[in-house]
Amino acid sequence: MDAEAMVNVIRSRGMHDAALLSALRAVPRKHFVPKALRDYAYNDYPLSIGLGQTISQPYMVALMTARLEVSPGEKVLEIGTGSGYQTAILAELGLEVYTVEVLPELHAQARERLTALGYEKIHFRLGDGYQGWPEHALYAGIIVTAAPRQIPPPLLAQLAEGGNMIIPTGPPGRHQILWKVMRVSGEIKKIRLGDVAFVPLVHSNTSTSNERLPD
Ligand code: SAH
């Protein structure tokens, strides 16, 4: 499969937004997977990127991006930079991207890769994304690509009025739910988008310890 075939699969699964499809065509996904997996880069499933982490499945990237419902120029916070693929899609769409990764090696690799590919305006942070990135809040969109048990309160606090957050929650493993969380007239509303499987959002729980749940 190549990028065009990948886009055809995504379109056949119901995604028709022209700007999104051209962003998916424009970002060279083969540069975001380990060399040994390049032949599989455009197949519609997640791939290992090392350190127990994965690059999200193309359809999932498309779905999450579409459900963010943000416009060019708006500020978006991404938690879980990983390979940087989702980050690049957001940048292609003309968004002002703030991305947070907790693993130093992935953070450094993604920054290098995205800079080499010419994405020069992305803001990178190494740290615990559970806390968001308060210095640049509020965000029109927040996209979380690792699953916490529950929606982190700091992320809710950083969501602008009228903004959307796309986030999986649940225990490690396969029983997770993908949510669209909206702030409408000051109130938080949630819509369930489907069942998903993401890597866990690691959270050291140093500051606010009342969020800890038993394993
Ligand atoms: N969007 C990425 C997904 C990578 S997998 C891609 O498609 O490549 C999820 C990523 O979230 C991993 O890189 C993992 O290290 C990171 N992560 C896990 N817990 C985190 C946390 N608390 N803060 C920031 N990143 C976190």
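Guide: Two strands count as paired if DSSP finds at least two bridges between them. The model discussed here is predicted.

Visitor: How many bridges join strand E8 to strand E9?

Guide: Strand E8 covers residues 176-184 and strand E9 covers residues 187-196, and the two run antiparallel. Pairing requires at least two bridges. The number joining E8 to E9 is nine.

Visitor: Which residue takes a positive phi in the hairpin of E8 and E9?

Guide: At one position of this pairing, Val184 stands opposite Glu187 in E9. The hairpin has two residues between its strands. The residue with a positive phi, near 45°, is Ser185.

Visitor: What is the phi of Leu51?

Guide: Leu51 is placed in the loop between strand E1 (47-50) and E2. Its phi is positive although the residue is not glycine. The value is near 55°.

Visitor: Which residues does the cis peptide bond with omega of about 10° join?

Guide: One partner lies in the loop between strand E5 (123-126) and strand E6 (139-144). That partner is Leu138. The cis bond joins Ala137 and Leu138.

Visitor: Where does the ligand sit, and which residues come nearest?

Guide: The ligand occupies the largest pocket. Strands E2 (53-55), E3 (75-79) and E4 (96-101) are the elements that each give two or more residues to the shell around it. Of the 25 residues around the ligand, the nearest are Ser83, Glu101, Asp128, Gly129 and Val202.

Visitor: Which element gives the largest share of the shell around the ligand?

Guide: The shell divides into 11 nonpolar, 11 polar and three charged residues. The largest share amounts to three residues. The element that supplies it is E2.

Visitor: How much of the ligand's exposed area does the protein bury?

Guide: A backbone N or O atom of Ser56 lies 3.0 Å from a ligand oxygen, and one of Val102 lies 3.3 Å from a ligand nitrogen. A polar backbone atom of Val202 is 2.5 Å from a nitrogen atom of the ligand. Taken alone, the ligand exposes 570 Å². Of that area, the protein buries 99%.

Notes: Residues are numbered from 1 along each chain as its sequence is written. This is a predicted model: local features need pLDDT of at least 70, side-chain atom pairs count only at pLDDT 80 or more; totals for chains, interfaces and linings use all residues. Side-chain values use heavy atoms; hydrogens and water are left out. A residue is near a molecule or strand if one of its heavy atoms lies within 4 Å of it. A polar contact is a pair of N or O atoms within 3.5 Å; within protein, one must be able to donate a hydrogen and the other to accept it, and residues adjacent in sequence count only if both atoms are side-chain atoms. Accessible areas come from the Shrake-Rupley method with a 1.4 Å probe; for residues, only the protein chains shown count as cover. On a 1 Å grid over the protein atoms alone, a cavity is a set of points where a 1.4 Å probe fits but cannot get out, and a pocket is an open set with protein on both sides within 12 Å along at least five of seven lines; lining residues have an atom within 4 Å of a point. A molecule sits in a cavity or pocket if more than half of its atoms lie within 2 Å of its grid points. Helices (H or I, at least four residues) and strands (E, at least two) are DSSP runs, numbered from the N terminus. Ala, Val, Leu, Ile, Met, Phe, Trp, Tyr, Cys and Pro count as nonpolar, Asp, Glu, Lys and Arg as charged, and the others, Gly among them, as polar.
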